[in-house]
Amino acid sequence: MDLSKRKFKDDYKKMMTEVYSMDISEAEPTEQFFVLGNLVRTYSSKNWSHTNQVYVENKQKQTYYFSMEFLLGRMLKSNLLNLGILNTVRDGLYDLGIDLETIVQMEPDPGLGNGGLGRLAACFIDSMATSEIPGHGNGIRFKYGLFKQKFVNGYQVELPENWLQNGNVWETRKMHAAVTVRLYGKVWLEKTASGVLEPHYEGAQKVLAVPYDTAVIGYKNDVVNTLRLWSAEVPAQDESTDYWSFIHQRNQIESISEVLYPDDSNYEGRLLRLKQEYFFVSAGVQSIIRHYKKMRVPMLHLAEKVAIHINDTHPALSVPELMRILLDEEKMDWEHAWNVTVNVMSYTNHTIMSEALEKWPIDMISTLLPRIYQIICEIDRRFTMKMSTLFDPSIVERTRIIECGHVKMAHLAIIGSHSINGVAQLHTTILKEKVLHDFYLIYPSKFNNKTNGITQRRWLMLANEPLCNLINRKIGNDWETTPTELKMLKAFRDDEKTLIELAKIKHQNKERFAKHIQKTMGLVLNPDAIFDVQIKRLHAYKRQLLNLLHILSLYFQLKDHPEADLHPRVFIFGAKAAPSYTYAKQIIKLINSVADLINQDTTIKEKLKIVFVENYGVSLAEKIIPAADISEQISLASKEASGTSNMKLMLNGAITLATLDGANVEIRDRVGSNNIIIFGLREEEVYQYYHDGSYHSKSYYDRNPVLRRVLNALIDGTIPDAEAEGRSVFDSLVYYGDEYFVLRDFDAYSAAQKQIDQLYRDTLKWQRMALINIAGAGTFSSDYTVQQYASQIWDVFSRIRDI
Ligand code: H2P
């Protein structure tokens, strides 16, 4: 948008008076933030309503991205950037005596996600608006989101994150668009006079789903899409409701949109999750149908105008919910309704970990969602009947939806969708050949790959302005909208001046991060050290433990030889563990205890430091990533579906230290083997071990003295105050099979780390590698990813650019 500095300053002052009736000089940073947020909203509001109007007028096909998580991060700067007014606003505020960076920090960072899955959804909605794809998010407005992580004596403690405490400047409550979601009760079918079966409901609990809409602003293109998040409320009561039953009902209902991932280690927690899943799916589908009806196109043509994307299995109930509406409310017959539903739906699988492939007990689902359960049974019945005539009975048994008293959500999503995609080439191959092989035999043409992506706007233009400026000086700024243009940087691979400039920027970013750590944790970091970063959800398969064991081996090396020629290292961790995942929490405690041991040991001459940041999330990632030298992507090959921190880190010039897993394979293909450090078992070797059962972790402990010493340190009291955790981890690795082959890959990993130690000493060589990584990162822009979804899955118009 066009905005002069003078106009902005006038608008800002006016808004300050309107909102707070005071002068700018009296305002606190929180108020300054709130006023700026309001102003940004007014700047985007015209385009928002215009975009919606155009969509309806043109009867344009719309995509709805259904996701339990949207890990948005702070939105102020991102909105300013996308409106094209970031610098004007920064300068204008400066004139008014306000520092933009200070007020940016006043915005809460909404924790409406857990890790890569939720952040991917956030990148996608940003990229859809930027790519002019009519695509919107649909999820839950969690009052608390994911927990806030604190370390108490090294242990993870979960606290509520009250991100809405001071209101949310970006959202608009749309009471007129509220819908009713029905839970529990009884349903029976009765024949009408015309012979159609009609459902009758009795005693259902009604939940009012109220949408809160947030503008999703495209990058300098006047497009504004919508993120719709639903809140659960009590519907208007009739006069007869007594006070106490109202309070009870209110608590029950409001808990639906309270926390992301309630503890699922007990029945109540699991039931609440199922309620949440149906709640946002039902509200979303109902509101889509309501909107569709405005276009006055017959229901049979729904798939020509609407695409619904099932992000992971959580929204899989959208299949039976759409069926319910088409059958019960629109009076369509089964065949037509099914045809429409399958053409509307598409599904992304994000993991092969079996714990994430959700299953719901039949009694739970049939009690909570009686009509939906009937429909699922009928889908299952028709599927098994049809497939029995075509395939081996064992295949049908393994693929059906209802099995052993459970409803399998992934099966429901696959059977009910026209497209199933994995999130990196290797992952999709594993789905086709192994994990979902039976389905692949049944529906080969439904399977496809869409490698994940990240938005270069948040992860480079906003997070790393100095690097962004350098790139613009070297190659211009076409890459901002055509990210593959970053490849032009390769022309500077032998230009010493550019490489030195790159090194300087990295150093400055490291200094900035070190300052932040000193302020928040009181730890002093040496910016000349190698900053070695592993930031992701804590999970055994991601192998934070491998990293930790190696750190211990370096520590012992230095204890034995304090003068050992090791380049100083700072190991940076950021990770949350699911509250009921005991093993992951033990690993957190162990890392913290090792950090205490190493950080306080003066005999190793500051050569090693460990930083485990508390409450890792988007805002911290934005600080850590630009300062990273090494990107740790060390999952057991075959287990990480894609990874996206690998893409963010390469874009910021970190060198990837990786197994050939997920998108690491494609990163290697992009930058070449000389510009990435690969180690460890390959996927086919892992499967070979599974096949022949020949992995015996204890033999690595017995044979390898370095490893033995490190492992013994877990149980011999070397690590302070972590006996129980050390014992549990030791036993899991040495005696209980080492599920993720940590000991098997230890030597290879240590050798790769040694190689890094050497490589880093040659600054020019290192920076050349960094440059080639930045130059190759454009392909991994989520702009391209969503354009592929749009053309190949959703069949919606998009401005496709060539890769
Ligand atoms: C998951 C996968 C990642 C993938 C991401 C997005 C579930 O994220 O494990 O490999 O990149 O989805 O597709 P995460 O582990 O970060 O929660």
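In this predicted model, the axes of helix α21 (residues 544-560) and helix α30 (residues 742-760) come within 10 Å and cross at roughly 60 degrees. The two helices are therefore oblique to each other, and their crossing is right-handed. The points below cover this helix pair, the largest nonpolar core, and two residues with positive phi, N153 and F741.

**Contact of α21 with α30**
- Helix α21 contributes L545, L546, L549, H550 and S553 to the contact.
- From helix α30, the contact involves V742, D745, F746, Y749, S750 and Q753.
- Sorted by class, the contact consists of six nonpolar, four polar and one charged residues.

**Nonpolar core**
- The largest nonpolar core comprises 232 residues, and F279 and V594 have the most contacts inside it.
- Helix α6 (residues 116-130) gives the most to this core, namely nine residues.
- Leaving aside residues up to four places away in sequence, F279 touches V181, V207, A209, W230, A232 and I256.
- As general background, nonpolar side chains tend to be buried together in soluble globular proteins.

**Positive phi outside glycine**
- N153, although not a glycine, has a positive phi of about 55 degrees.
- N153 lies in the loop between β3 (148-152) and β4 (155-159).
- N153 has 10 other C-beta atoms within 10 Å, so this residue is exposed, the cut-off for that class being 12 or fewer.
- F741 likewise is not a glycine and has a positive phi of about 55 degrees.
- F741 is placed in the loop between α29 (723-734) and α30.
- F741 counts as buried because 25 C-beta neighbours lie inside 10 Å, where 20 or more are required.

Methods
Residues numbered from 1 in each chain as written. Predicted model: local features only at pLDDT ≥ 70, side-chain atom pairs only at ≥ 80, totals over all residues. Core = buried A, V, L, I, M, F, W, Y, C linked by C-beta atoms within 7 Å. Helix = DSSP H or I, 4+ residues; strand = E, 2+ residues; numbered from the N terminus. Contact = placed C-beta atoms within 7 Å. Axes fitted to C-alpha atoms, helices over the stretch in contact; angles between N-to-C directions. Parallel < 35°, antiparallel > 145°, perpendicular 65-115°, else oblique. Left-handed = near helix turned anticlockwise from the far one by under 90°. Nonpolar A, V, L, I, M, F, W, Y, C, P; charged D, E, K, R; others polar.
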